[in-house]
Amino acid sequence: MMIKTLFLTVMLSSLSLSASYAQENNDKFLLNKESFEVISKDNKSNVIDVRTAKEFSEGSIGEAKNIDFLKEDFIDQMKQFDKQEPIYIFCKSGKRSAKAKQALVNEGFQQVYELDGGYTKWIEE
């Protein structure tokens, strides 16, 4: 019984530490407007607007490329980018870009930065 309790305590502590690390690691890739603007200026060719073409036509950020996350070929289009180079993504509110970021990380992209609050928050500030 003592070993079982010790094992459960160690496992729960480990899971808690993993969750904390994941949150901290995730937060460093979520950028506010100022950080996104400053950092992405050096990598203009890697700024991706993951909204639809219609949304993109209504306005975007700088020289962002439009690669619609909702299209089936999103990952195929993203393969033109080096997985070791930083990628800066945004959508309208942050929901699609969060999903796009996870999809890119799953594909092996190392540095996927996301604009917190998306384009909506960008134009409001």
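The accessible surface of the protein chain in this predicted model comes to about 8,100 Å², and 55% of that surface belongs to carbon and sulfur atoms. Of the 125 residues in the chain, 34% count as buried. When contacts between residues at least 6 apart in sequence are considered, 67% of them join residues that are at least 24 apart.

**The sheet and its helices**

The chain has six helices and five strands, and along the sequence they follow the pattern α-β-α-β-α-β-α-β-α-β-α. The five strands form an open sheet with parallel pairing, in which the order is β1-β5-β4-β2-β3. At its edges stand β1 (30–31) and β3 (65–66), each of which pairs on one side only. Strand β2, made of residues 47–49, pairs with β3 in the parallel sense over two bridges, and Asp 49 stands opposite Asn 66 in β3. In general, strands of a sheet pair through backbone hydrogen bonds, and the pairing may be either parallel or antiparallel.

Helix α2, which covers residues 33–41, packs on this sheet and touches β1, β2, β4 (87–90) and β5 (112–115), while its direction makes about 140 degrees with that of β4. Helix α5, which covers residues 95–106, lies across β4 and β5 and runs at about 180 degrees to β5.

**A closer look at Glu 114**

Glu 114 lies in strand β5. Is Glu 114 buried or exposed? Its relative accessible area is 5%, and because the cut-off for a buried residue is a value under 20%, Glu 114 counts as buried. The side chain of Glu 114 takes part in polar contacts with two other side chains, those of Ser 97 and Lys 101, and the table gives the distance for each pair.

| Side chain | Partner side chain | Polar contact distance |
|---|---|---|
| Glu 114 | Ser 97 | 2.8 Å |
| Glu 114 | Lys 101 | 3.4 Å |

Which residues are in contact with Glu 114, leaving aside its neighbours within four places in sequence? They are Phe 29, Leu 30, Leu 31, Phe 36, Ile 89, Gly 94, Ser 97, Ala 98 and Lys 101. Several of these contacts can be placed in the elements described above: Leu 30 and Leu 31 are in contact with Glu 114 and make up the edge strand β1 (30–31), whereas Phe 36, another residue in contact with Glu 114, falls within helix α2 (residues 33–41). Ile 89, also in contact with Glu 114, belongs to β4 (87–90), and Ser 97, Ala 98 and Lys 101, likewise in contact with Glu 114, lie in helix α5 (residues 95–106).

How values were computed. Residues are numbered from 1 along each chain as its sequence is written. This is a predicted model: local features need pLDDT of at least 70, side-chain atom pairs count only at pLDDT 80 or more; totals for chains, interfaces and linings use all residues. Side-chain values use heavy atoms; hydrogens and water are left out. Two strands pair if DSSP finds at least two bridges between them. Helices (H or I, at least four residues) and strands (E, at least two) are DSSP runs, numbered from the N terminus. Contact means heavy atoms within 4.5 Å. Axes are lines fitted to C-alpha atoms, for helices over the stretch in contact, and angles run from 0 to 180 degrees between N-to-C directions. Buried means under 20% relative accessible area, exposed over 50%, partly exposed in between (1.4 Å probe, protein chains only). A polar contact is a pair of N or O atoms within 3.5 Å; within protein, one must be able to donate a hydrogen and the other to accept it, and residues adjacent in sequence count only if both atoms are side-chain atoms. Accessible areas come from the Shrake-Rupley method with a 1.4 Å probe; for residues, only the protein chains shown count as cover.
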